[in-house]
Amino acid sequence: AANATLTVLNLHFNQLGNVGAQHIAEALKVNATVTKLDLCNNTIGTVGTQHIAEVIKVNATVTGPVAATSATGVPTTSQAPSLPTRR
């Protein structure tokens, strides 16, 4: 059954890492309801950030803020070139 109610996915502080980010990206490829994504404080590195950035390019429903924090704790937000968003 399709999920018609989940629009905000808040997964901060879950220690997802690069592999978790890859799984989230795969799920978002087929999800048409999530509009906002929060992955702050998940030790997501460059590879994981690339997975998320790629899916945002093709998933037209993720239009709100995308927030994440790199593995080093440096914030990477929707303003960062690595995590594009649509307005």
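**Salt bridges**

I started by counting salt bridges in this predicted model, and the count came to two.

I looked up Lys 29 first. Lys 29 forms a salt bridge with Glu 26, and their closest N and O atoms are 3.1 Å apart. I then checked where the two partners sit: both lie in helix α1, three residues apart, which is about one turn of the helix. Glu 26 is partly exposed, with a relative accessible area of 41%.

Next I turned to helix α2. Here the side chains of Glu 54 and Lys 57 meet in a salt bridge, at 3.1 Å from N to O. Because Glu 54 and Lys 57 are three residues apart in helix α2, about one helical turn separates them. I also noted how open each partner is: Glu 54 is partly exposed at 46% relative accessible area, while Lys 57 is exposed at 52%.

**The chain as a whole**

I stepped back to see what these helices belong to. The protein chain has two helices and four strands. Reading along the sequence, I wrote down the pattern β-α-β-α-β-β.

How much of the chain is buried? Of the 87 residues in the protein chain, 40% are buried. I noted an accessible surface of about 5,000 Å², with 59% of that belonging to carbon and sulfur atoms.

I also looked at how far along the sequence the contacts reach. Among contacts with a separation of 6 or more, residues 24 or more positions apart account for 74%.

**How the two helices sit together**

Before going further, I reminded myself that two packed helices are described by the angle between their axes and the distance between the axes. Helix α1 covers residues 17-29 and helix α2 covers residues 46-58. Their axes come within 8 Å and cross at roughly 10°. Angles under 35 degrees count as roughly parallel, so α1 and α2 are roughly parallel to each other.

Which residues make this contact? On the α1 side I listed Asn 18, Ala 21, Gln 22, Ile 24, Ala 25, Leu 28 and Lys 29. On the α2 side they meet Thr 46, Val 47, Gly 48, His 51, Ile 52 and Val 55. I sorted the residues of this contact by type and got seven nonpolar, five polar and one charged.

Lys 29 turned up again here: this residue of the α1 side is also the partner of Glu 26 in a salt bridge.

**Three residues of the helices, one by one**

I picked Gly 48 in helix α2. Is Gly 48 buried or exposed? At 0% relative accessibility, Gly 48 counts as buried. Not counting residues up to four places away in sequence, Gly 48 touches Asn 18 and Ala 21. I also took the spacing to Gly 20: Gly 48 and Gly 20 are 28 residues apart in sequence and 7.8 Å apart in space, C-alpha to C-alpha.

Then I went to Ile 24, which is found in helix α1. Ile 24 has 16% relative accessibility and counts as buried. What does Ile 24 contact, leaving aside its neighbours within four places in sequence? I found Leu 9, Leu 11, Leu 16, Leu 37 and Ile 52. I noted Leu 39 too: the C-alpha atoms of Ile 24 and Leu 39 are separated by 9.7 Å, with their positions 15 residues apart along the chain.

My third stop was Gln 50, in helix α2. Gln 50 is partly exposed, with a relative accessible area of 48%. Its C-alpha atom is separated from that of Asn 18 by 9.3 Å, and the two residues are 32 apart along the chain.

**Two positive phi values**

Last, I looked at the backbone. Most residues other than glycine have a negative phi, and I wanted to see which residues here go the other way.

Asn 41 has a positive phi of about 55° although it is not a glycine. Asn 41 lies in strand β2, residues 36-44, and counts as partly exposed at 34% relative accessibility.

Thr 43 also has a positive phi, near 50°, and is likewise not a glycine. Thr 43 lies in strand β2. At 44% relative accessibility, Thr 43 counts as partly exposed.

How values were computed. Residues are numbered from 1 along each chain as its sequence is written. This is a predicted model: local features need pLDDT of at least 70, side-chain atom pairs count only at pLDDT 80 or more; totals for chains, interfaces and linings use all residues. Side-chain values use heavy atoms; hydrogens and water are left out. Axes are lines fitted to C-alpha atoms, for helices over the stretch in contact, and angles run from 0 to 180 degrees between N-to-C directions. Angles under 35 degrees count as roughly parallel, over 145 as roughly antiparallel, 65 to 115 as roughly perpendicular and the rest as oblique. Contact means heavy atoms within 4.5 Å. Ala, Val, Leu, Ile, Met, Phe, Trp, Tyr, Cys and Pro count as nonpolar, Asp, Glu, Lys and Arg as charged, and the others, Gly among them, as polar. A salt bridge is a side-chain nitrogen of Lys or Arg within 4 Å of a carboxyl oxygen of Asp or Glu. Buried means under 20% relative accessible area, exposed over 50%, partly exposed in between (1.4 Å probe, protein chains only). Accessible areas come from the Shrake-Rupley method with a 1.4 Å probe; for residues, only the protein chains shown count as cover.
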